[in-house]
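Colleague: Can you walk me through this one? Short answers, please.

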There are 2 protein chains.
Amino acid sequence: MPTTDRVLMGPGPCNPYPEVFAAMGRPMLGHLDPEFIELLDETNERLRAVFRTENALTFPVSGTGSAGMEAAVVNFVTPGDVVVVGVNGVFGGRLCDVAARCGAEVVRVDFPWGTPVDPAQLLAAHPNPKLIAVVHAETSTGVRSDIAQLGAEKGEALLLIDCVTSLGGSGVAIDDWGVDIAYSGTQKCLGVPPGLAPLTVSERAIETIVPTPQSWYLDLNMIAGYVTGSGARAYHHTAPISMIYGLHAGLGAVLDEGLEEAEARHERCGRLLQAGLEKLGLELFAQEGHRLAQLTTVKVPAERLPTGMSEGDVRAVLLSRYGLELGGGLGELAGKGWRIGCMGHTARERNVSFVLGAIEETLAG
Amino acid sequence: MPTTDRVLMGPGPCNPYPEVFAAMGRPMLGHLDPEFIELLDETNERLRAVFRTENALTFPVSGTGSAGMEAAVVNFVTPGDVVVVGVNGVFGGRLCDVAARCGAEVVRVDFPWGTPVDPAQLLAAHPNPKLIAVVHAETSTGVRSDIAQLGAEKGEALLLIDCVTSLGGSGVAIDDWGVDIAYSGTQKCLGVPPGLAPLTVSERAIETIVPTPQSWYLDLNMIAGYVTGSGARAYHHTAPISMIYGLHAGLGAVLDEGLEEAEARHERCGRLLQAGLEKLGLELFAQEGHRLAQLTTVKVPAERLPTGMSEGDVRAVLLSRYGLELGGGLGELAGKGWRIGCMGHTARERNVSFVLGAIEETLAG
């Protein structure tokens, strides 16, 4: 059992809030225990608060963020349905793959990595799509895309967003934006270990749920009988009880601080980090004006590396000497830059000072 | 946050081993951290020990037992494939549903609830199935079925077993039995909270994995790049890190005790419980000679209930007065009996004495 204690500043997971570990260690209840059902209901109510939604069908899917993505697609898409996907990084590409496995006719609209998706181009991509899907906060590039215009002009289409890296960190507003389906993960701005995928589905989207989705495990028709409603709940699968304790506590930490305050803390730390990296003479990758605060992408040109070291070597030194985890780049940034997360309990000014100091020392050789 | 401490003697979850909670509270590593990869490798090695297999592809699926079932089917079955399923309870029925959602031609062979499946009938059900699937330990009825004959006579078919309720409790022997695909859950005899589904796949089965399964999240082609092999691992999805810490510790507890010793403890406690229930004048439901020790089904006729109380009322009293959770019956046993688990850390003689005493007192009114 590793005893190593890291400062987790990669693209996720972050360090969980201390309250979360305490909750996960609580004596466990059964998944049908009335006291657990009450805890689940309260967890879902807290999720509604951070999603900024009134959606009744809001709950944590029993899997990681990618299970949330699959649940968000597989319950709404049948063979031949047109799905428009905006792709400006890895996770947009993954949405195309998942939709294609449901037999969708995928209309893929690409944008340069490091830039946001253009809502107008997505809206013009097909006259009558079943679904328009887009990643709000691209974890691979550190870019935020605007959602509100898509919601306002989606017409008959359902609007699906990935807010894995934005929920709890950057002003997600499901109802105001007109989003129909959204999923997230727990290990980013919510400050909880990975393992659950918060999902929310609008009333309008519920009416279109496929009667028999190709996934039994993620079938919302059946899961709704357990996660919503009053009184006794129908068993579908055994809920990951201790993880839900952890999510309940993580959401409690966020809401006790205040959602706006927690988001402001992410914003403040991210901007401090970005200013500090520029002061070190490093160039940020994501387009200005669309940079996420909670996930920063930065170029690390060869001439800035200590002699004989790759960027991967530098990250290995940061890990072994400082116990500090950064993420490698993806796509254009692979081998040429880093992804630095400042999320959840890790989004503290002291960690920004620490990471900037550690990077400066290590690049100096 | 509930502070209630239950003795969990339903059909799962059980009470986790204390070591498990301690492990889940350890400072978290990232999913690509070399120290975490080492922990994951060791977890998989421990899973091989409890599955009694040499299968390289052995790891915990990032979801609960039902996700394991789906992974076990969706990676091997394509539309039109013949799948023979033995059904003697809820979970056999669920296997049919999952296989049908993959487009399988399901040959369902039913057996009376409370009895085991008959291997000869399964083998005779179709001349050339792609897959034969059966539940080793039916959680809905408390019955154990024999697997070895199926493995010996399966021919070209792949043999898939559900050992959610038997792994770590009743002598699962994947390699000796000739099983190709098996999945389990963590919240039964392994003494870990629910949230992961141990899965093992034989070399022969690996060769038949569907190139693009309909599930992206459960795609073994991609997951294998993360969970197996030496050196750097390809990111697929973020592993549920803290849950894997917990599984590592739970398996450690089982293997420190000794797998045979842990299985013998389950056997001893279950037989004590069953003898005690019969001594109270209650009749066991599962066929003699095929009764699971770790999960006992028992009839509770109306005349044994205190005046005006249903069996559900009695369970509610057990929960509120004793903090003791039993499971309700399913199928024929619904409203007419109980399922009493004695699994993982809960499988202790002291808990057998406790549950028998509590039942006797409560039935006396």
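Colleague: Which residue of chain A comes closest to the rotation axis?

Modeller: A:Gly63 does, with its C-alpha at 2.5 Å. This is a predicted model, where local features need pLDDT of at least 70, side-chain atom pairs count only at pLDDT 80 or more, and totals for chains, interfaces and linings use all residues. Residues are numbered from 1 along each chain as its sequence is written, and chains are lettered from A and ligands numbered from 1 in the order in which they are written.

Colleague: What turn lays chain A on chain B?

Modeller: A turn of 180°, with a shift of 0.0 Å along the axis and an RMSD of 0.0 Å. That is the relation of a two-fold axis. Copies are superposed by least squares on C-alpha atoms of residues with pLDDT of at least 70 in both.

Colleague: New topic. Where does A:Gly169 lie?

Modeller: In chain A, A:Gly169 lies in the loop between strand E8 (158–162) and helix H7 (174–177). Helices (H or I, at least four residues) and strands (E, at least two) are DSSP runs, numbered from the N terminus.

Colleague: Is A:Gly169 buried or exposed?

Modeller: A:Gly169 counts as buried, because it has 31 C-beta neighbours inside 10 Å. Buried takes 20 or more other C-beta atoms within 10 Å of a residue's own, exposed 12 or fewer, partly exposed in between; C-beta atoms are placed from the backbone.

Colleague: Which residues is A:Gly169 in contact with, leaving aside neighbours within four places in sequence?

Modeller: Among them are A:Lys188, A:Glu263 and A:His266. Contact takes C-beta atoms, placed from the backbone, within 7 Å. A:His266 is 97 residues apart from A:Gly169 along the chain, yet their C-alpha atoms are separated by 5.9 Å.

Colleague: Now strands. Why is E12 of chain A largely enclosed?

Modeller: Four of the five residues of E12(A), residues 295–299, are buried, so the rest of the structure largely encloses it.

Colleague: How many bridges join E12(A) to E14?

Modeller: Five, and E12(A) and E14(A) (residues 337–341) run antiparallel. A:Leu295 has A:Gly341 as its bridge partner in E14(A). On E11(A), residues 283–284, two bridges lead to E12(A), also antiparallel. There A:Leu284 stands opposite A:Val298. Strands pair if DSSP finds at least two bridges between them.

Colleague: And helix H4 of chain A, which residues are buried?

Modeller: They include A:Phe91, A:Leu95 and A:Val98. Helix H3 (65–74) and strand E3 (82–87) are among the elements that cover the buried residues of H4(A). Just after H4(A), A:Gly103 takes a positive phi of about 85°.

Technical notes:
Contact = placed C-beta atoms within 7 Å.
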